[in-house]
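Open your viewer, switch to a cartoon view and keep the selection panel at hand. We will go from stop to stop, with something to select at each one.

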Amino acid sequence: MPDSLPQRADPRSPVRSRRVTTVFVLNGPNLNLLGGREPEVYGTATLADVERLCRETAAELGLTLDFRQSNQEGELVDWLQEAGAAVAAGAGIGAVLNPAAYSHTSIALPDAIEGARLPVVEVHISNVHKREPFRHHSYVSAVAAGVVVGFGVIGYQLAIRGLHQLRGG
Ligand code: DQA
């Protein structure tokens, strides 16, 4: 076959069935302070530790991890839209989202999740239901596929596994 013609993948090739699928893990405001921030509530693991845990779980499931944190609501909206586009293109399974304080205040985040048709598992390190009443309601929960609350930082790993299962394993 001349070099200039496109090569068609051999349907029996194992490479053909290997898809690169990304799991996004998006973190909201003040989560960059993990480790030093109220350790009695959030523990002593840093955000870099959380990223390592997520990377382990993603690798175990054959997923690529895209891990981010922002203190800006608009940046999180942009990332949710980007993750939704990746899912629509077949390049992503969805997002694990810890919206942090924006859980309790933001309409823009759930709007972005719905608008982008993004499968989301919401995660909270602490058990928000044991805490102040203003933390009992999350606008994100109504549009989330699932919610993981109160397991500490291993909640991120549980959320990745749950999202992977929900998306067909
Ligand atoms: C949090 C709980 C939120 O109420 C709080 O604003 C956070 C972290 C958690 O992971 O437990 O910043 O989302």
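Which residue takes a positive phi just after α3? Select G90: its phi is about 80 degrees, and its place is just after α3. Keep in mind throughout that this is a predicted model.

**The whole chain**

Now zoom out and colour by secondary structure. The protein chain has five helices and five strands. Starting at the N terminus, the elements follow the order β-α-α-β-α-β-α-β-β-α. Of the 169 residues in the protein chain, 45% are buried. If you display contacts between residues at least 6 apart in sequence, 76% of them join residues at least 24 apart.

**Helix α3**

Next, select residues 73–88, which form helix α3. Try a distance between its end C-alpha atoms: they are 23 Å apart. This agrees with expectation, because 16 residues at 1.5 Å a residue should span 22 Å.

Show side chains along α3 and pick out its buried residues: L76, V77, W79, L80, A83, G84, A86 and V87. What covers them? Bring up β1 (22–27), β2 (64–69), β3 (92–98) and α4 (108–115), which are included in the cover over the buried residues of α3.

**The nonpolar cores**

Select V23, V25, V50, C54, V96 and Y156 together. These are the residues with the most contacts inside the largest nonpolar core, which has 25 residues. At least two residues of this core come from each of β1, α2 (47–60), β2, β3, β4 (120–124) and α5 (154–166).

Stay with V50 for a moment and look at its neighbours. Leaving aside residues up to four places away in sequence, V50 touches L34, F67, V153 and Y156.

A second core, separate from that one, has 20 residues. Select W79, A95, L109 and A112, which are among them. You have met W79 already, as one of the buried residues of α3.

**Two pockets**

Switch on a surface and go to the largest pocket, which holds about 230 Å³ of space. Its lining has 13 residues, and R19, T21, L63, I93 and R167 are the closest to its centre. By class, this lining divides into four nonpolar, seven polar and two charged residues.

For the second largest pocket, select R37, Y42, A100, A101 and R135: of the 16 lining residues, these are the closest to the pocket's centre. The volume here is about 160 Å³. Seven nonpolar, six polar and three charged residues make up the lining of this second largest pocket.

**Two loop residues with positive phi**

We began with a glycine, so to speak; the last two stops are residues of other types. Select E38, in the loop between β1 and α1 (39–42). E38 has a positive phi of about 35 degrees, although it is not a glycine. Is E38 buried, partly exposed or exposed? Its relative accessibility is 35%, so E38 counts as partly exposed, given that the partly exposed class lies between 20% and 50%.

Finally, move to R117, in the loop between α4 and β4. R117 is also a residue other than glycine with a positive phi, here near 50 degrees. Is R117 buried or exposed? With a relative accessible area of 74%, R117 is exposed, as the cut-off for that class is over 50%.

Key: Residues numbered from 1 in each chain as written. Predicted model: local features only at pLDDT ≥ 70, side-chain atom pairs only at ≥ 80, totals over all residues. Heavy atoms only, no water. Helix = DSSP H or I, 4+ residues; strand = E, 2+ residues; numbered from the N terminus. Expected span 1.5 Å × (residues − 1). Buried < 20%, exposed > 50% of the residue type's maximum accessible area, 1.4 Å probe, protein only. Contact = heavy atoms within 4.5 Å. 1 Å grid on protein atoms, 1.4 Å probe; cavity = no way out; pocket = protein on both sides within 12 Å on 5 of 7 lines; lining within 4 Å. Points joined across faces, edges and corners; volume = space filled by probe spheres on them. Nonpolar A, V, L, I, M, F, W, Y, C, P; charged D, E, K, R; others polar. Core = buried A, V, L, I, M, F, W, Y, C linked by side-chain atoms within 4.5 Å.
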